[in-house]
Amino acid sequence: MIEYENLNKVNAALFEKYEDKFSSFLKSGWYILGNDVRTFENEFAQYCNTNHCVGVASGLDALVLALNAFDFEKGSEVIVPSNTYIATILAILNNGLKPVLVEPNIGTYNIDPTKIEEKITNKTKAILVVHLYGKCCEMDAIMDIANQYKLKVVEDAAQAHGAKYKNKITGSFGDFGAFSFYPTKNLGALGDAGAITTNSEELQTIVRSLRNYGSEKKYYNDRIGFNSRLDEIQAGFLSIKLNILNQITDHKRSLAKIYLEELSDAFIKPVVDENYLDVYHIFNVRHQKRDQLKSYLLENDIKTEIHYPVAPHHQKAIKGLFDANYPISEEIHNTTLSLPISYFHSKEDVMRVVETMNKFITC
Ligand SMILES: *Cc1c(COP(=O)(O)O)cnc(C)c1O
């Protein structure tokens, strides 16, 4: 069986380091906001080429706190892609703001900059972009629009640690980058964890306060805050994993290269362009008979996933909020299939997926 994901195998090489870290953490007697959080924040800020990083409890919280920091009037509009993981949209709703969906480009699967301006109104306050699957958005066009209309920019980089556009790294373009370290992400912790990056001293002070009850000084609360601190032990684990993140990314890119070169053109593959350095959190293809393809692969002992089966505007929780149609997003949700591309997969695993898939087109 070729599994889609196996976190035991992903983390196996680090077990000894994790055990040593846990042992010293346990004995330290200091479990919240200590040296390991501070160290990881510095390391990750450096990795993202930003002035600051603030560790928080999850990727969703990173988005929620980032949007909260601007203190927008309730009901203000935030532009967001129509094809994203639900967390991106929940972060807007949880702040009492209104998500305004913009269709993606069918080649990159990321928000189409040419369709943003027509959605801007006098209530629009921010653009929340998502670097989906590990490909950075077209950030120069997006930043131009944001500057022209004086909009804030938040990057949902939960799937794109280390991805680049024109040599600039995700999390360093906008006012904020929001990262998830959910265990399956390219930089995954051993539980929930997230972080916010920013170049602004003022904004970092606000989110640092928001994550800790709105308090900068113990027992003095200046803001209506949250309890959303990055766990000290998760920060310790993350520093260990950050050391091999480029190795993880390189491995995933080498597997992606095999798919890109060897898979039949009957499958629509992700766009490759020299402007992008992709990190392939997910490697997807599209095919009109996606469900049949998924079953066929499973019959051949290959597990795949669908990211995502239901478009956000069709989700029961929020479908009443949107009245327009989003055909490109629906086309993607109906035809996309995510192939095995984890750190533990070998080139042989991927070749077997390729050979099996290439037989699908003749059967
Ligand atoms: C995983 C993910 C999130 C949420 O991260 P959590 O750590 O699970 O809260 C947000 N946005 C995108 C695009 C994601 O993939």
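Colleague: In which pocket does the ligand sit?

Modeller: The model is a predicted one. Within this model, the site that holds the ligand is the largest pocket.

Colleague: Which helices each supply at least two residues of the shell around the ligand?

Modeller: The ligand is surrounded by 13 residues, and Gly59 and Leu60 are among the closest. The helices that each contribute at least two residues to this shell are α4 (59-69) and α5 (86-93).

Colleague: How far is a polar side-chain atom of Asp156 from a nitrogen atom of the ligand?

Modeller: Asp156 is one of the closest residues to the ligand. A polar contact requires N or O atoms within 3.5 Å. The side chain of Asp156 places a polar atom at a distance from a ligand nitrogen of 2.7 Å.

Colleague: What share of the ligand's exposed area does the protein bury?

Modeller: Side-chain N or O atoms also approach ligand oxygen atoms, at 2.6 Å for Ser180 and at 3.1 Å for Lys185. The ligand taken alone exposes 380 Å². Of that area, the protein buries 90%.

Colleague: How many disulfides does a search of the whole structure find, and why is Cys53 not bonded to Cys48?

Modeller: A disulfide requires two cysteine sulfur atoms within 2.5 Å. The closest cysteine sulfur to that of Cys53 belongs to Cys48 and is too far for a bond, because the separation is 7.0 Å. Cys137 is likewise in no disulfide, with the sulfur of Cys136 as its nearest at 6.1 Å. Across the whole structure, the number of disulfides found is zero.

Colleague: Is Cys137 buried or exposed?

Modeller: Buried residues have under 20% relative accessible area. The value for Cys137 is 0%, so this residue is buried.

Methods:
Residues are numbered from 1 along each chain as its sequence is written. This is a predicted model: local features need pLDDT of at least 70, side-chain atom pairs count only at pLDDT 80 or more; totals for chains, interfaces and linings use all residues. Side-chain values use heavy atoms; hydrogens and water are left out. Buried means under 20% relative accessible area, exposed over 50%, partly exposed in between (1.4 Å probe, protein chains only). A residue is near a molecule or strand if one of its heavy atoms lies within 4 Å of it. A polar contact is a pair of N or O atoms within 3.5 Å; within protein, one must be able to donate a hydrogen and the other to accept it, and residues adjacent in sequence count only if both atoms are side-chain atoms. Accessible areas come from the Shrake-Rupley method with a 1.4 Å probe; for residues, only the protein chains shown count as cover. On a 1 Å grid over the protein atoms alone, a cavity is a set of points where a 1.4 Å probe fits but cannot get out, and a pocket is an open set with protein on both sides within 12 Å along at least five of seven lines; lining residues have an atom within 4 Å of a point. A molecule sits in a cavity or pocket if more than half of its atoms lie within 2 Å of its grid points. Helices (H or I, at least four residues) and strands (E, at least two) are DSSP runs, numbered from the N terminus.
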